[in-house]
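User: Could you take a close look at how the helices pack in this model, and at the core around them? I would like the cut-offs behind each term as well.

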Amino acid sequence: MFDLSGHVVLVTGSSRGIGHAVALELARAGSDVVVHHRANAARAEAVRAELTALGVQSRVVAGDVADPAAVATLVRAAGDWKGHLDGVVTTAGVFRGDASPEVGPNDFLPLLRTDLEGTFRTIQAALPYLRKSVRPAVVTVSSVLGAHAGVGGVAYQAAKAGVEQATRALALELAPRIRVNAVAPGFVRTDMNRGGHQDPRYHAEIVAATPLGRWGEPDDVAPAVRYLLSLEADWVTGLVLGVDGGVALR
Ligand SMILES: NC(=O)c1ccc[n+]([C@@H]2O[C@H](COP(=O)([O-])OP(=O)(O)OC[C@H]3O[C@@H](n4cnc5c(N)ncnc54)[C@H](OP(=O)(O)O)[C@@H]3O)[C@@H](O)[C@H]2O)c1
C-alpha cells in the first residue's frame with residue numbers, strides 16, 4: 001500500500017518540521033526526494049544523510065519561495081535532476097500570530113507571498129516537470145486555521161484559506177492529468193510554534209481543545225501526504241484532508 005518506488009518528489013521546506021517528516025516518509029515508501037530549504041543548509045544536508053541511510057537518492061535545493069525568480073531556479077534544479085517530477089509537496093511556510101493592531105505595513109504581504117504565492121509559484125514552475133510523469137500529484141499544506149478561525153494571525157489564516165481554494169482551483173484546472181490535494185494539520189510540535197508548545201498553559205489549552213487529547217507530531221501528518229501522492233489516491237483530487245486530532249470538530 002502507498003508504494004512510491006521509483007518516484008521523484010520535491011518537498012519544499014523539508015529541512016525541518018513537517019517537511020522533514022514527509023521527506024523521510026516518502027523515502028520509506030521508496031521515493032527519491034528533493035530536499036528544499038531557505039537558509040538552513042546544514043539541516044537540509046542532515047536530512048539528505050537520513051534519506052541516504054533509508055536507501056533512496058536525494059538532492060538538496062535552496063531558495064526563498066517568496067521570490068518567484070528563486071522558485072523558478074530551485075524547481076528547475078529539482079526537475080532537471082531526473083528530468084521530471086512525480087510529486088510536489090509545498091510545505092515551506094512561516095507563521096505570524098500577531099493581534100491585528102500589531103500587524104505592521106511590512107508584515108502582511110510578505111507572509112502572503114511566502115505561504116500563498118510561494119505555494120502557487122512552486123506548483124506553477126513544476127508543471128512542465130509534472131507533465132512528464134505518468135501519474136503526477138501535488139500536495140499543498142494548509143492548516144486547521146485555513147477554514148476555522150483563531151484569534152490573532154489574520155494574514156496566516158487568510159493565506160491558508162487561499163491555499164485551500166487554490167488547491168481546489170488547481171485540481172479542477174489540471175484534471176485529469178495532475179491531481180492536487182491539501183493536508184490541513186492541527187497543532188503540531190515544530191520550531192514554528194516552539195514558543196507555544198513549550199509554554200505549559202498554551203500547551204494545555206491545545207490539548208484540551210484537541211479531541212484526541214494531544215499535540216500532533218510531524219510523523220502524524222506525513223502518512224497522509226504519502227497517501228495523497230500514491231496510486232491508492234488515484235481518484236482523489238481537490239480534497240483538503242484534515243490531520244488534526246479532531247480539533248476542527250470544535
Ligand atoms: N506546526 C504546526 O502546528 C502547523 C500546523 C498547520 C500547518 N502547518 C504548516 O506546515 C508547514 C510546515 O510547518 P512547520 O511547522 O514544519 O514549520 P518549520 O518547522 O518552521 O519549518 C519551516 C520550513 O519551511 C522553510 N521555509 C520557511 N520560510 C521559507 C521561505 N520563505 N522560503 C523557503 N523555505 C522556507 C524552512 O526552511 P529553513 O529551515 O531553511 O528556514 C523550513 O524547512 C507550513 O506551511 C505551516 O504553515 C504547521
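Analyst: Happy to help; here is a walk through the helix packing, the core and two backbone details. The model is predicted, so local features need pLDDT of at least 70 and side-chain atom pairs count only at pLDDT 80 or more, while totals for chains, interfaces and linings use all residues. Residues are numbered from 1 along each chain as its sequence is written.

Let's start with H1 and H2. Helices (H or I, at least four residues) and strands (E, at least two) are DSSP runs, numbered from the N terminus. Helix H1 covers residues 17–28 and helix H2 covers residues 41–53; they pack at an angle of about 20°, with their axes 9 Å apart. Axes here are lines fitted to C-alpha atoms, for helices over the stretch in contact, and angles run from 0 to 180 degrees between N-to-C directions. H1 and H2 are therefore roughly parallel to each other; angles under 35 degrees count as roughly parallel, over 145 as roughly antiparallel, 65 to 115 as roughly perpendicular and the rest as oblique. Their crossing is right-handed, meaning that the near helix is turned clockwise from the far one by less than a right angle. On the H1 side, His20, Ala23, Leu24 and Ala27 meet Val47, Glu50 and Leu51 of H2, where a contact requires C-beta atoms, placed from the backbone, within 7 Å. By class, this contact has five nonpolar, one polar and one charged residues. Ala, Val, Leu, Ile, Met, Phe, Trp, Tyr, Cys and Pro count as nonpolar, Asp, Glu, Lys and Arg as charged, and the others, Gly among them, as polar.

H1 also holds Ala21, which counts as buried because it has 23 C-beta neighbours inside 10 Å. The cut-offs are 20 or more other C-beta atoms within 10 Å for buried, 12 or fewer for exposed, and partly exposed in between, with C-beta atoms placed from the backbone. Leaving out residues up to four places away in sequence, Ala21 touches Pro218, Asp219, Val221 and Ala222.

Now for the second pair. Helix H3 (residues 68–82) packs against H4 at an angle of about 40°, with the axes 9 Å apart, and that makes H3 oblique to H4. This crossing, too, is right-handed. Pro68, Val71, Ala72, Val75 and Gly79 from H3 meet Gly118, Arg121, Thr122, Ala125, Ala126 and Tyr129 from H4; the classes are seven nonpolar, three polar and one charged. Ala125 is buried, with 20 other C-beta atoms within 10 Å, and beyond four places in sequence Ala125 contacts Val71, Ala72 and Val75.

Next, the core. A nonpolar core is a set of buried Ala, Val, Leu, Ile, Met, Phe, Trp, Tyr and Cys residues joined through C-beta atoms within 7 Å. The largest one has 68 residues, and Val9, Ala23, Val33 and Val225 have the most contacts inside it. Its largest share, eight residues, comes from helix H4 (residues 108–130). Beyond four places in sequence, the neighbours that Val9 touches include Leu26, Val33, Leu85 and Leu229.

Finally, the backbone. Most residues other than glycine have a negative phi, and most peptide bonds are trans. Phe2, in the segment before strand S1 (8–12), has a positive phi near 55°. A cis peptide bond joins Ala175 and Pro176, with omega about 0°; Pro176 sits in the loop between helix H5 (154–174) and strand S6 (179–185).

Terms used:
Contact = placed C-beta atoms within 7 Å.
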